[in-house]
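Colleague: Got a minute to walk me through this fold? I'd like to start with the strands and go on from there.

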Amino acid sequence: MPPLSDETNAFYRDNAATYANRQRKAPAARLDRFLARLEPGARILELGCGGGQDSAYMLARGFDVTPTDGSPELAAEAERLLGRPVEVVRFDQIGWHDVFDAVWAEACLLHVPRSDLSGVLTRILRALRGGGILHASFKAGNAEGHDRFGRYYNYPSRDWLMRQFTNGWANIEIGEADGGGYDGEPTRWLHVSAAKPISAEQ
């Protein structure tokens, strides 16, 4: 299972420096709500860390963060910001078991092919400890497609996305908000919060 379409991979490979160093602030309000649910120093896996701004925010607040990205070029950019190694991990390579208290996946799982998303979510579930939480965000839509840069998006509806979390997840909530993205287009965002049951064994 490839992590991203060829066009999506090519975009991040060829535009890593521009993408990583664009004017982007960490989403402080979402991060603060996420971090408020965790114990001090909790262990967090960030998927698709991009330029590393969100990891930097969480590290500055004393959390034990493992930043990762599927693009070697973006991981290198994040390393420059963070001053620490960033692992290159594709979604189909998530292999941790019962390690993390939380997973932060801001605007990255939206590139996973629809047919593969449930399997990737199972890998994330296994990586979490019992009671661990996930944040993930998606661009809303009704059918998969590509943006003007050629990047693939799964563009889920709220109902379709909710069904992807029915296998083993608990406390699933999906919020909606208007915003934007790198392409400058108005975007309806779906923000997912979910948890691994405390008694779950994967």
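**Strands first**

Modeller: Ile174 has Val192 in E9 as its bridge partner. Keep in mind that this is a predicted model.

Colleague: Okay. Which way do E8 and E9 pair, and over how many bridges?

Modeller: Strand E8 covers residues 170–179. E8 and E9 pair in the antiparallel sense, over eight bridges.

Colleague: And E5 with E9, how many bridges there?

Modeller: Seven bridges, and that pairing is antiparallel. Within E9, Ala194 stands opposite Leu134.

Colleague: What is the order of the strands in the sheet?

Modeller: The order is E3-E2-E1-E4-E5-E9-E8. That makes seven strands in an open sheet with mixed pairing.

Colleague: Which strands stand at the edges?

Modeller: E3 and E8. Each has a single partner strand, so one side of each has no neighbour in the sheet.

Colleague: You said mixed. Where is a parallel pair?

Modeller: Look at E1, residues 43–46, and E2. They run parallel and are joined by four bridges. Glu46 has Pro67 in E2 as its bridge partner.

Colleague: Back to E9. How many of its residues are buried?

Modeller: Eight of nine, so to speak a mostly covered strand.

Colleague: Now the core. Which residues touch the most other members of the largest nonpolar core?

Modeller: Leu47, Leu109, Ile124, Leu134, Phe138 and Trp169. The core has 35 residues.

Colleague: Which elements supply it?

Modeller: E4, H6, E5, H7 and E9 each give at least two residues. Helix H6 gives the largest share, six residues.

Colleague: Leu134 has come up twice. What does Leu134 touch?

Modeller: Leave out residues up to four places away in sequence. Then Leu134 touches Val103, Ala105, Leu121, Ile124, Phe165, Trp169, Val192, Ser193 and Ala194.

Colleague: What lies apart from that big core?

Modeller: Another core, of 14 residues. Leu31, Phe34, Met58 and Phe63 are among them.

Colleague: Switching to helices. Which residues of H5 are buried?

Modeller: H5 runs over residues 72–82. Leu74, Ala75, Glu77, Ala78 and Leu82 are buried. They cover an arc of only 160° around the axis, so they sit on the same side of H5.

Colleague: What do they pack against?

Modeller: Three helices and two strands are named: H1, H2, H4, E2 and E3.

Colleague: And what follows H5?

Modeller: Gly83, with a positive phi near 70°.

Colleague: Where else is phi positive, in a residue other than glycine?

Modeller: Asp98 is one of them, with phi near 55°. Asp98 is in the loop between E3 and E4. Ala107 also has a positive phi, near 55°. Ala107 lies in the loop between E4 and H6.

Colleague: How accessible are they?

Modeller: Asp98 is partly exposed, at 41% relative accessibility. Ala107 is partly exposed too, at 27%.

Colleague: New topic. How many disulfides does the structure hold?

Modeller: Zero.

Colleague: Why no bond for Cys49?

Modeller: The closest cysteine sulfur is in Cys108, and 9.4 Å is too far for a bond. A disulfide needs the two sulfur atoms within 2.5 Å.

Colleague: Are those two buried or exposed?

Modeller: Cys49 is buried, with a relative accessible area of 5%. Cys108 is buried as well, at 4%.

Colleague: Last one, aromatics. How many aromatic pairs are there?

Modeller: A search of the whole structure finds eleven. Take Phe11 and Tyr182. Their ring centres are 5.7 Å apart and their planes are at 70°, so the pair is edge-to-face.

Colleague: Where do Phe11 and Tyr182 lie?

Modeller: Phe11 is in helix H1, and Tyr182 is in the loop between E8 and E9. The pair therefore ties together parts that are 171 residues apart in sequence. Phe11 is buried, with a relative accessible area of 6%. Tyr182 is partly exposed, at 25%.

Colleague: Got another pair for me?

Modeller: Tyr12 and Tyr19. They are edge-to-face, 5.1 Å centre to centre, with 80° between the planes. Both Tyr12 and Tyr19 are buried.

Colleague: Which residues form one aromatic cluster?

Modeller: Phe11, Tyr12, Tyr19, Phe149 and Tyr182.

Note on methods:
Residues numbered from 1 in each chain as written. Predicted model: local features only at pLDDT ≥ 70, side-chain atom pairs only at ≥ 80, totals over all residues. Heavy atoms only, no water. Buried < 20%, exposed > 50% of the residue type's maximum accessible area, 1.4 Å probe, protein only. Arc of directions from axis to C-beta. Contact = heavy atoms within 4.5 Å. Core = buried A, V, L, I, M, F, W, Y, C linked by side-chain atoms within 4.5 Å. Pairing = 2+ DSSP bridges. Phe/Tyr/Trp six-rings, centres within 6.5 Å; stacked < 30°, edge-to-face > 60°.
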